[in-house]
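Here is a guided walk through a protein model, written for someone meeting structures like this for the first time. Have a look at the picture, then read on.

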Amino acid sequence: MAIEIKYKNSLGVEVSAQQANLLQGDYSSEHYVDDVLKKIDIYEYGELSTGEYYLSEGENLKSVLAEYQSLWRSGTFFTNKQQVGNYTVMDWGLYEKTEKLEEGRKVWDNQGRIIAEGHVDVATHHVLYTVKYFYLTNFGSFVYTDRVLNYGTLEFAYGLSEPDEITVLINLPDFDNEIYYITEEENILNHPLIAPLFSWDTQTYYHSDQLLPI
């Protein structure tokens, strides 16, 4: 069994273990077993705070929660891993100690990037809202930088405030820190700087809250 630990700073840039120990702010350590992500420890101001844990088949959730409730203030635990085409799907639950606060499903592509996550009501299991991500590979007139977290990401939200509402956050200069509503009358994605990078008309997966793009 091969174990590997990768350290990342608050911008998601990989650093050495020594560099991580010198960081004054937040960082994380990703723990891989046989090249498969098993858990993430998240540090705030150098102190272990929260984390993520990916259960393997046969692991017992209650046992894992009991083990980590004294280590993490809260944690997200992933279960029921499924492979659907080129996509990985898992259920998730956010726990504080052994109390479930939130739950839903998450989808990754074959590059390990999160492309969608659904949030459901813990009591009724009805969908509350869905979030999807698009990662730009062509930046056009924008200059790429790794000094901004999730630079070049389009973050779509469905039903966050109203059932049929679609909004988008654009992580590019002059577009950040503002929520844009997508309607038939107005669509920021048709902006002359954005349209060449992302075609709303052809990217139909982002027109609804459907989790899987197949």
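Helices and strands here are DSSP runs, with at least four residues for a helix and at least two for a strand, and they are numbered from the N terminus. Counted this way, the protein has 2 helices and 13 strands. Please keep in mind that this is a predicted model.

## The whole protein

Let us begin with the overall form. The radius of gyration is 19 Å, close to the 17 Å that the globule rule gives for 214 residues, so the protein is as compact as a globular protein of that length. Along its principal axes, the C-alpha trace spans about 50 × 45 × 30 Å.

How much of the protein is buried? Of the 214 residues, 41% are buried. The accessible surface comes to about 12900 Å², and carbon and sulfur atoms account for 48% of that surface. Among contacts between residues at least 6 apart in sequence, 31% join residues at least 24 apart. The protein carries 14 positive and 34 negative charges, and the mean positions of these two groups are 9 Å apart.

## Strands 4, 5 and 6

Now for some of the strands. Strand 4 (36-44) and strand 5 (47-54) have a loop between them, and together they form a hairpin with 2 residues between the strands. Their pairing is antiparallel and runs over 6 bridges. One place to find this pairing is Lys39, whose bridge partner in strand 5 is Tyr53.

Strand 5 also pairs with strand 6: these two run parallel and are joined by 5 bridges. Here Gly51 stands opposite Gly75 in strand 6. Strand 5 is mostly covered, with 6 of its 8 residues buried.

Strand 6 covers residues 74-84 and includes Thr79. Not counting residues up to four places away in sequence, Thr79 touches Leu55, Met90 and Asp91.

## Strands 10, 11 and 12

Another set of neighbours comes later in the chain. Strand 11 (residues 153-158) has 5 of its 6 residues buried, so it is largely enclosed by the rest of the structure. Strand 10 (residues 127-135) pairs with strand 11 in the antiparallel sense over 6 bridges, and Phe134 stands opposite Leu154 in strand 11. Strand 12 (residues 166-170) also pairs with strand 11 in the antiparallel sense, over 5 bridges. In that pairing, Phe156 stands opposite Val168 in strand 12.

## Two residues with a positive phi

Most residues other than glycine have a negative phi. Which value does Tyr45 have? Its phi is near 55°, a positive value in a residue other than glycine. Tyr45 sits in the turn of the hairpin made by strand 4 and strand 5. Asn150 also has a positive phi, near 60°, and is found in the loop between strand 10 and strand 11.

## Buried or exposed?

A residue counts as buried under 20% relative accessible area and as exposed over 50%, with partly exposed in between. The table applies these words to some residues.

| Residue | Relative accessible area | Class |
|---|---|---|
| Tyr27 | 8% | buried |
| Thr79 | 18% | buried |
| Asn150 | 46% | partly exposed |
| Glu99 | 49% | partly exposed |
| Tyr45 | 67% | exposed |

Why is Thr79 buried? Its relative accessible area is 18%, and buried means under 20%, so Thr79 falls in that class.

## Neighbours in sequence and in space

Tyr27 lies in strand 3 (residues 27-33). Leaving out residues up to four places away in sequence, Tyr27 touches several others, including Tyr7, Ala20, Ile42 and Gly46. Tyr68 is 41 residues from Tyr27 in sequence, and their C-alpha atoms are 19 Å apart.

Leu94 belongs to strand 7 (residues 87-96). How far apart in space are Leu94 and Thr76? They are 18 residues apart in sequence and 4.3 Å apart in space, C-alpha to C-alpha. Outside its neighbours within four places in sequence, the contacts of Leu94 include Ser74, Thr76 and Glu99.

Glu99 is found in strand 8 (residues 99-108). The C-alpha atoms of Glu99 and Ser74 are separated by 9.5 Å, and the two residues are 25 apart along the chain. Both Glu99 and Ser74 are among the contacts of Leu94.

Conventions
Residues numbered from 1 in each chain as written. Predicted model: local features only at pLDDT ≥ 70, side-chain atom pairs only at ≥ 80, totals over all residues. Heavy atoms only, no water. Rg over C-alpha atoms; globule rule 2.2 N^0.38 Å. Buried < 20%, exposed > 50% of the residue type's maximum accessible area, 1.4 Å probe, protein only. Contact = heavy atoms within 4.5 Å. Areas by Shrake-Rupley, 256 points an atom, 1.4 Å probe, with all protein chains shown as cover. Lys, Arg positive; Asp, Glu negative; His and termini not counted. Charge placed at Lys NZ, Arg CZ, Asp CG, Glu CD. Pairing = 2+ DSSP bridges.
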